[in-house]
Amino acid sequence: MKKFLKLLAIAVVAFVLFVLLKTLTLTSKSSAVAQVTPIEVPDEALARLQKTIQFKTISYSYTTPHDSIEFTGLHHHFASVFPLVHSQLEKKTIQYSLLYKWPGTDASLKPVLLMSHLDVVPVDEGTLKDWEAPPFSGEIKNGNIYGRGTMDDKVSVVAILEAVETALKAGLKPKRTLYLAFGHDEEIGGEQGAGAIARYLQEQGVQFECVIDEGGEIVEGLVPGLTKDLAIINVAEKGYVSFELTIATKGGHSSMPTADNTIGSLAKAITNLEANQFPYKTIPLIDRQIEIMGPHMPFIQKMAFANTWLFGSKIYEALGTHTTTAPTIIKGGVKDNVIPTSASVVVNFRVMPGETTEDVLQHIIKTVNDTRITVKSISNRNEPSPVSDYESASYKIIEKTVLQLLPGAIVTPGLVSGGTDTKHYQTISENAYRFFPIRVNDTNITGFHGINEHLAVSNYKEIVQFYYQLIQNLNE
Ligand SMILES: [Zn+2]
């Protein structure tokens, strides 16, 4: 017994020492980058952004046409305030989407695409009173600019144009051809905008070194214990699919309900799906993110980040690294005293890289385990994106650009759970990086598609400075 206790004590000590050793040896590997002085962004640039926000370039659905006056109005606004872009770049309009080509001096280099989208989501009328300033005003109040598109994501369209106009004024000539692409229907899938642009470029035989889109940000104070700016360059996005589950029964009179009646059975299927979630898991990209963030965390969190073999599940949960399950629409029943013969529910899934929409379908059938329920997809079945190379030269250029402007920031690759327009360029681009330096914190995070969408004026200037510096760095 004594011997056993002794062995146990040794095992415990070894275990603690191992955990501590892993923690203490988790150190930052980021390389030092010299800070640069960013370009001056004049106040007139704010007026150009404000005016951009005022166009109601809303995407509702493919059955509600886009408002041509608003979209063409925005095109004319760009042509009038960015004259050099419009005289020196080749421009092509595809429906309401815009594509610009800035030819480079070295045709042997693959082009790079800077992209964003012109459309925004509608504003729920009932929430208008909760906005600090009207959603299509572009009003500036207390150092913030308000309106749809200040975060998602007209802001980066104008910032890219502002940076290119400034570069043209300075006489900069890109070595590598740069394309700028701004879709008009990203918020409803991007098929007619980015999709059409990508098909056009494919016909032209264009192959990109990389595309750089929205979808990553600078996270401020949202990770408990992390005090530095965290720049997340998302190198992959989850897949997307919505399945409709429909139950068919004999129905009947509500005075004689059976134990397995229609709505109750469908409800059971929903609770089964919610109770049997896809497991959290890691992929090399997530391991890398943990390795980069870990050294900057306070001791206890650092210990967890350094010992994912022991504490990984909590971190994966916080990072949302699994296929998510979200029931979103339910329908059924016609009269209060009739048991309906059918009812249905729509469940939306965001699919983790490494899994497929077919895996989701099989999971539903197995989990629901009810032959009266049929399952069919009612959305595009978008598989998870490939994971772009986070060791590539172009990734390193984006990383360097961030560090030149924000010394001390932590830059990490990541996985985005929402969808972006980059999916349309998958076949014509080596890599896709989703990032621009919009600062997201707990005062503005609800602005994405929500109430009071706004951006700090100082942050807008940083975004323009980022694109300008990026264009310069792509020339090296
Ligand atoms: Zn967006």
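**Close-up 1. Helix H10 falls short of its ideal length.** Helix H10 covers residues 308-319. Its end C-alpha atoms span only 13 Å, whereas a straight helix of 12 residues would span 16 Å at 1.5 Å a residue. The expected span is 1.5 Å times one less than the number of residues. Just after H10, Gly 320 has a positive phi of about 65 degrees. Helices (H or I, at least four residues) and strands (E, at least two) are DSSP runs, numbered from the N terminus. The model is predicted: local features need pLDDT of at least 70, side-chain atom pairs count only at pLDDT 80 or more, and totals for chains, interfaces and linings use all residues. Residue numbers start from 1 along each chain as its sequence is written.

**Close-up 2. Helices H1 and H9 cross.** The axes of H1 (residues 2-24) and H9 (residues 299-306) come within 8 Å and cross at roughly 100 degrees. Axes are lines fitted to C-alpha atoms, for helices over the stretch in contact; angles run from 0 to 180 degrees between N-to-C directions. That crossing makes H1 roughly perpendicular to H9 (65 to 115 degrees; under 35 counts as roughly parallel, over 145 as roughly antiparallel, the rest as oblique). H1 contributes Val 19, Lys 22 and Thr 23 to the contact, and H9 contributes Lys 302, Met 303 and Ala 306. Residues are in contact if their C-beta atoms, placed from the backbone, lie within 7 Å. The contact residues divide into 3 nonpolar, 1 polar and 2 charged. Ala, Val, Leu, Ile, Met, Phe, Trp, Tyr, Cys and Pro count as nonpolar; Asp, Glu, Lys and Arg as charged; the others, Gly among them, as polar.

**Close-up 3. Four strands form an open sheet.** The strand order is S12-S14-S10-S15, with antiparallel pairing. S12 (324-332) and S15 (373-377) are the edge strands, each pairing on one side only. Neighbouring strands are turned by 20 degrees against each other on average, direction ignored. Strands pair if DSSP finds at least two bridges between them. S10 (residues 239-248) and S14 (residues 342-351) are joined by 10 bridges. Thr 246 has Ser 344 of S14 as its bridge partner, and Glu 244 has Val 346 of S14. S10 and S15 run antiparallel, joined by 5 bridges. Here Leu 245 has Val 375 of S15 as its bridge partner.

**Close-up 4. Helices H7 and H11 pack against the strands.** H7 (residues 262-275) lies across S10, S12, S14 and S15, and runs at about 10 degrees to S14. H11 (residues 357-368) touches S10, S14 and S15; its direction makes about 30 degrees with that of S10.

**Close-up 5. Domain 1 meets domain 3.** The chain is divided into domain 1 (44-235 + 385-474), domain 2 (239-277 + 322-384) and domain 3 (280-321). These bounds come from an automatic or database domain assignment. The C-alpha centres of domains 1 and 3 lie 29 Å apart. Across the boundary, 12 residues of domain 1 contact 12 residues of domain 3. Strand S16 (residues 410-416) supplies the largest share of the domain 1 side, 5 residues. That side divides into 7 nonpolar, 4 polar and 1 charged.

**Close-up 6. Two loops hold backbone exceptions at Gln 95 and Asp 153.** Most residues other than glycine have a negative phi, and most peptide bonds are trans. Gln 95 has a positive phi of about 50 degrees. Gln 95 lies in the loop between S1 (90-94) and S2 (97-102). The peptide bond from Asp 152 to Asp 153 is cis, with omega near -5 degrees. Asp 153 is found in the loop between S5 (144-146) and H5 (154-169).

Conventions: Two residues are in contact if their C-beta atoms, placed from the backbone, lie within 7 Å.
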